[in-house]
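Take a look at the chain before reading on. The paragraphs below go from the whole to the parts.

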Amino acid sequence: MRTIEIFDTTLRDGEQSPGVNISTNEKVEIALQLEKLGVNRIEAGFAAASPGDQKSVAEVAKRVKNSTIVSLARAVKDDMDKAYEALRNAQNASLHVFLATSPIHRQYKLNMSKEQVLARAVEAVTYAKKYFTEVQFSAEDAARTEIDFLAEVVEAVIKAGATTVNIPDTVGYMTPYQYGNIFRELKKRVPATDGIRLSCHCHDDLGMAVANSLAAVEGGATQVEGTINGIGERAGNAALEEVALALETRKDYYQATTKLHLKEIARTSQLVSRLTGMIVPGNKAVVGANAFAHESGIHQDGVLKEVTTYEIIRPESVGFKSNKLVLGKHSGRHAFKEKLVELGYHLDQEEVNAAFAAFKALCDKKKEITDDDILALIDTKIVRGQEAFQLESVQLAYGNISVPTASVRLKRADDSVVEEAAIGNGSVDAIYKAIDRATGEEVTLIDYKILSVTHGQDALGEVYVRLQQGELTVTGRGVSTDVLEASAIAYIRAINKILERRGESVPVAVN
């Protein structure tokens, strides 16, 4: 039975999903959960992309102890230098350097010959080895590269010191048969691949990322790269939870498995969904809301008689459990803190105090508090650093024969207050126009979603917004028993992200 290593790129490739912007604190929280899941390698970001990315990689490197932390870098010395600076405090660090090898990339993007690409790849790996014991080389668009040249590149970078070689299907073009054969050919042509990790990285443009990843495992790959929930550039990446469950469920066929702690899958999926704003479809394999639901009478009858008639995976095996009453208004701080640990949070005392105060406020609004309520509540509390604006209050005048009018009161980072009012086409529109006036920002709302966290009339409402300002697109999330308050919180948080991304100083009152 082979052990397949897992390389997670949710924090790097996943963040390239349109509109996704994960803060440093959010990246750390996801990374700690990935560590708990048992991921072998966590690609924390692209350190050279921006000072913010470099800071995020450095913070993740400092906090995570049991997984190797990776930074992406182009085959450029400055990129590799920045990656080294970001990873210098990591307990286990690796550099992931990439260079395109396919004819179309050589001609149109790089304007380089085969010989130049080969020389640059070797030079990059050689330079990286000065800093890192573990170096991964990716032949970008390897799946569309001539097999003779690809084998030549793979052999050369292994000789230069690469400990992992990645063969990505960068545009999701391959069929499983074709992709698996690339690995078989490389194993045959380059005997040195037996001494390194041979990695696959698949995109889902034609809906075959998971199938192609499994085909690569059959062909000899020893590492699978992907993201939680399959998020990522364009149509996304291979969903790691699907790959892991396929290997576990069909280990009789693949003769391979992972060392992931499968019961952490549900929690990891939910955390990534909440912090990125990318909702998991109900019919999504393994983690979708309907993945273990049975509506057909024939199916229900079969499951009641023998669960394996229609279920090949038990929901408990990936961490799903029934919601139960866990805490209430009489619960103390110690019990609350223990519940946070059980749910996978790693909060300092100040964060625990803030979360406990929010929990007590929720208890006054809701009769029953479930794990999902606590997850939603705490996720909104722990991801915030210094914010340019915070909602103090929102008031609304509305009637079906009157014009909706909203007034908002926002607190700036320096504790000064700004108040504004506006009318709109509806309640949410009026609130958002008032916030625009209060913040002085002109933005375009390009997406708005409301979800119910739990069930019942007093359920928490979860609102996601996506805002655009020029070239910037960001998401914001708000949670409250009042969906209008949640809408205001989500909008303000998205504006705060825009200000952070623009690198502007926090607004202060002007006298």
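Start with two centres: the C-alpha centres of domain 1 and domain 2 lie 35 Å apart. This model is predicted. The two domains do meet, with 11 residues of domain 1 in contact with 11 residues of domain 2. Where do the domains run? The domain assignment puts domain 1 at residues 2-276, domain 2 at 333-382 and domain 3 at 389-502.

Now turn to a stretch that has a record of its own. An unreviewed UniProt entry annotates residues 4-266 as "domain: Pyruvate carboxyltransferase". Over residues 4-266, helix makes up 44% of the chain and strand 19%. The end C-alpha atoms of that stretch are 21 Å apart.

Next comes a set of four residues. Under "binding site", the unreviewed UniProt entry lists Asp13, His201, His203 and Asn237. They are spread over 225 residues of sequence, yet they cluster in space. The largest C-alpha distance among them is 10.7 Å.

Take histidine 201 from that list. Histidine 201 sits in strand S8, which covers residues 197-202. Is histidine 201 buried or exposed? Its relative accessible area is 6%, and the cut-off for buried is under 20%, so histidine 201 is buried. Which residues does histidine 201 contact, leaving aside neighbours within four places in sequence? Among them are Thr9, Arg12, Asp13, Tyr179, Glu225 and Asn237. Two names there, Asp13 and Asn237, also stand in the UniProt list. Histidine 203 is on that list as well. The side chain of histidine 201 makes a polar contact with the side chain of histidine 203, at 3.2 Å.

Asparagine 237 gives the view from another part of the chain. Asparagine 237 lies in the loop between strand S9 (223-226) and helix H9 (240-249). A loop residue can be checked for burial too. Asparagine 237 has 3% relative accessibility, so it counts as buried. Not counting residues up to four places away in sequence, asparagine 237 touches Asp13, His201 and His203, among others. Its contacts also include Cys202, Gly226 and Gly232.

Cysteines come next. How many disulfides does the structure hold? The structure holds zero. Cysteine 200 is in no disulfide, and the nearest cysteine sulfur, that of cysteine 202, is 5.1 Å away. A disulfide needs the two sulfur atoms within 2.5 Å, so this pair does not qualify. Cysteine 200 has a relative accessible area of 0%, so it is buried. Cysteine 363 has 9% relative accessibility and therefore counts as buried too.

Cysteine 363 belongs to helix H14, where Val352, Ala355, Phe356, Ala358, Phe359 and Leu362 are buried as well. Does the length of this helix agree or disagree with what its residues predict? H14 has 17 residues (349-365), so at 1.5 Å a residue it should span 24 Å. Its end C-alpha atoms are 25 Å apart, which agrees.

Try the check again on helix H16, residues 427-439. H16 has 13 residues and reaches 19 Å from its first C-alpha to its last, close to the 18 Å expected. The buried residues of H16 include Ala430, Ile431, Tyr432, Ala434 and Ile435. What do the buried residues of H16 pack against? Their partners are strands S11 (389-397), S12 (405-412), S13 (417-423), S14 (444-452) and S15 (461-469), along with helix H17 (483-502). After H16 comes glycine 440, whose phi is positive, near 75°.

How values were computed:
Residues are numbered from 1 along each chain as its sequence is written. This is a predicted model: local features need pLDDT of at least 70, side-chain atom pairs count only at pLDDT 80 or more; totals for chains, interfaces and linings use all residues. Side-chain values use heavy atoms; hydrogens and water are left out. Helices (H or I, at least four residues) and strands (E, at least two) are DSSP runs, numbered from the N terminus. The expected span of a helix is 1.5 Å times one less than its number of residues. Buried means under 20% relative accessible area, exposed over 50%, partly exposed in between (1.4 Å probe, protein chains only). UniProt positions are given in the numbering used here, feature names are shortened, and annotations may be inferred rather than shown by experiment. Contact means heavy atoms within 4.5 Å. A polar contact is a pair of N or O atoms within 3.5 Å; within protein, one must be able to donate a hydrogen and the other to accept it, and residues adjacent in sequence count only if both atoms are side-chain atoms. Domain bounds come from an automatic or database domain assignment.
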